[in-house]
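Biologist: Can you walk me through this one? Keep it short and plain, please.

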Amino acid sequence: MSDFDLLVLGSGPGGQRAAIAAAKLGRRVGIVDRRDMLGGVCINTGTIPSKTLREAVLYLTGLNQRELYGQSYRVKEEITVADLGMRTQHVIGRETDVVRSQLARNRVTVLPGTGRFLEPDTVAVSGTGDREQKVTADRIVIATGTRPARPDTVDFDDRTIIDSDGIIHMDRIPETMVVVGAGVIGIEYASMFAALGTKVTVVERRDRMLDFCDLEIVEALKYHLRDLAVTFRFRESVASVERMAHGAITVLESGKRIPADTVMYSAGRHGMTGDLCLEAAGLTADHRGRIKVDGHYRTEVPHIYAVGDVIGFPSLAATSMEQGRLAAHHACDEPVSQIHETQPIGIYTIPEISFVGRTEDALTEAKVPFEVGVSRYRELARGQIIGDSYGMLKLLVSPEDRRLLGVHVFGTGATELVHIGQTVMGCGGTIDYLVNAVFNYPTLAESYKVAALDAMNKMRHIARLSG
C-alpha cells in the first residue's frame, strides 16, 4: 500500500488547490515544499508581494488623489523600502498562515523539503541537513512553478542587476532604472517605480508591449506611463550590461548607452524542474523547463499530472488554482467540468488592465464583424468622485445576435469590473441585459450600461440607414 493516494510537489496556487481538492474527496494527501516557501512563489516572491507593493505605492504616493488635490500631493514625502516592505511582509505572513491552516484543516500531510523522483511512484524528500525520506504515491501532481529566466550573458548580483525576485530585497528606491522586457511583470514593476518617482527606461525587442491586449487599451497605458516619465525603447535589444561602482550602463545593440542605478531583467520565466530527476519518472521537460500535459493535465506517464506555471501558458495564479482542482478530481476518478473558455486576464499595472474574450485585432483577422461600445470614467459620477479621468470600459458586440465578444477595461478597479462582463459572456447573455439592468449609482459598474447603450445606438443607426 502506498504512503499517499495523491502526492503534490509544490504548495503554490496549483499544488495547494490540488491537495485540498483530493483531501475533500477523502484521499490521503501529502504535499512537499520547503518550509520557507509554503504557498509557493505566488505568496513569497511573486503575485502577493508585487500586488501588495503596488497597493503600498498607490497609497503612499497619493497618486490616485492628485486629480483632486493637485500634482504635488503625496501622503509621505520620503518613501523608503522599509515603508513598502513592512506592508509586504505583513501580508506574506498572513497569507502563509492561511495556507498552513487550510492544509492542516483538511488533514494534508506537509513534508518539508524538496522532492525528486526515484521511480515513477517514489519520491525522495530532502529536508534540512542530510535527512532524506522516501514516500510512495498512487498519483503524483507536479506543481513546482517557475523562476525568473537569467540570461547567461548577464552578470546578476541581486543588487544592481536583478530579476523580478530581487525587487522585494532592494535596499533603496533607485533614482533611475532600466527594465529589460515589456511583458506583464516588466511593465507592472516599471509602472510601480515610475509612480515612486524613479526615472524608468523600458527596453523591448518587439515593436509593442503586451501584444495580446487590445491595442487601444495598451496605447492608453503607454500614454499614462509616459506621463510618469517612463521612456520606451522598442525594437531594441540589449548587447551587454556593464556594472559600475554606483550603478550600471545598459548597452543596446543599436549603440545606445543607458545609465541607471538598477537594471531589472524580466526575460520570461523557467520551469523549476531541473532538480526533480524527471528521467527517473520517465518524463522530460522542454528547453524552458516546462512539462507537456493533455487536456486532463496528465503527463506522458498516466499517473503523474502537472499544473500551474510549470506547464506554461497562461501561467496565472487564478488558472493554476483551477488546473490543480481539475487535475485532482481526474486523478481521483471524480467527474468534473473543464475550465470555461472565457478566462479573464488581469494586469496590475498603474493603472490596471483587464480583459476577457477577444480583441479588436483578433476579431478583424478572423473576419468576425463587431460593434464597439465605449464608456469613459470621466463621464461617470463615480469617476469624478474618485478622480479617475482616464479610465475606460470597451465592449465588443456581435451585430448579428448582440452577444458580447470581448470586454476590455483600463483604469481603477479594472480587474474587479471585468468579472461582470465575464459572467454575461459565460451565461450567453447579450447587451440587452446590460441595457435593461439597473446598476447602483454612482458606481464604476455603471460603465457597462453606458457602453452597452453606446453599442446599441450605433447598431440602431446602421439599421435605420439600411431600412
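Modeller: We will go through helix packing, sheets, ring pairs and some backbone oddities.

Biologist: What kind of model is it, and how are residues numbered?
Modeller: This is a predicted model, where local features need pLDDT of at least 70, side-chain atom pairs count only at pLDDT 80 or more, and totals for chains, interfaces and linings use all residues. Residues are numbered from 1 along each chain as its sequence is written, and side-chain values use heavy atoms, with hydrogens and water left out.

Biologist: What do the H and E labels stand for?
Modeller: Helices (H or I, at least four residues) and strands (E, at least two) are DSSP runs, numbered from the N terminus.

Biologist: OK, at what angle do H3 and H5 cross?
Modeller: Roughly 140°, and their axes come within 9 Å. H3 covers residues 47-61 and H5 covers residues 81-105. Axes are lines fitted to C-alpha atoms, for helices over the stretch in contact, and angles run from 0 to 180 degrees between N-to-C directions.

Biologist: What does that make H3 relative to H5?
Modeller: The angle makes H3 oblique to H5. Angles under 35 degrees count as roughly parallel, over 145 as roughly antiparallel, 65 to 115 as roughly perpendicular and the rest as oblique.

Biologist: Is that crossing left-handed or right-handed?
Modeller: H3 passes H5 in a right-handed crossing. A crossing is left-handed if the near helix is turned anticlockwise from the far one by less than a right angle, and right-handed if clockwise.

Biologist: Which residues make the contact?
Modeller: On H3, they include Ile48, Leu53 and Tyr59. On H5, Leu84, Arg87 and Val91 are among them. Contact means heavy atoms within 4.5 Å. The residues of this H3 and H5 contact divide into 10 nonpolar, 2 polar and 4 charged. Here Ala, Val, Leu, Ile, Met, Phe, Trp, Tyr, Cys and Pro count as nonpolar, Asp, Glu, Lys and Arg as charged, and the others, Gly among them, as polar.

Biologist: And how do H3 and H6 pack?
Modeller: At an angle of about 25°, with their axes 9 Å apart. H6 is residues 184-195. That angle makes H3 roughly parallel to H6. Their crossing is left-handed. The contact includes Lys51 and Arg54 of H3, and Glu188 and Met192 of H6. It divides into 5 nonpolar, 2 polar and 3 charged residues.

Biologist: Does H6 touch a sheet too, and which strands?
Modeller: H6 packs on a sheet, touching E9, E10, E11 and E15. Its direction makes about 165° with that of E10.

Biologist: What's the strand order in that sheet?
Modeller: E8-E15-E9-E10-E11, an open sheet of 5 strands with parallel pairing. Two strands pair if DSSP finds at least two bridges between them. E8 and E11 are the edge strands, each pairing on one side only. For example, 4 bridges join E9 to E15. Val179 stands opposite Met264 in E15.

Biologist: Now the other sheet. Parallel or antiparallel?
Modeller: Antiparallel, with 5 strands in the order E18-E19-E22-E21-E20. E18 and E20 stand at the edges with a single partner strand each, so one side of each is left without a neighbour in the sheet. Neighbouring strands are turned by 10° against each other on average, direction ignored. How many bridges join E18 to E19? There are 3. Ile345 has Phe355 in E19 as its bridge partner.

Biologist: Which helices sit on this sheet?
Modeller: H11 lies across E18, E19 and E22, at about 170° to E22. H13 touches E20, E21 and E22, and its direction makes about 145° with that of E20.

Biologist: Switching topic: how many aromatic pairs?
Modeller: The count comes to 5. Rings of Phe, Tyr and Trp (its six-membered ring) pair if their centres lie within 6.5 Å; planes under 30 degrees apart count as stacked, over 60 as edge-to-face and the rest as tilted. Phe156 and Tyr265 are edge-to-face, 5.7 Å centre to centre with 70° between the planes. They lie 109 residues apart, with Phe156 in the loop between E7 and E8 and Tyr265 in E15.

Biologist: Where are the cis peptide bonds?
Modeller: One joins Phe313 and Pro314, with omega about 5°. Another joins Ile350 and Pro351, with omega about 0°. Pro351 is in the loop between E18 and E19.

Biologist: What is odd about the phi of Asp333?
Modeller: Its phi is positive, about 55°, although Asp333 is not a glycine. Most residues other than glycine have a negative phi, and most peptide bonds are trans. Asp333 is in the loop between H8 and E18.
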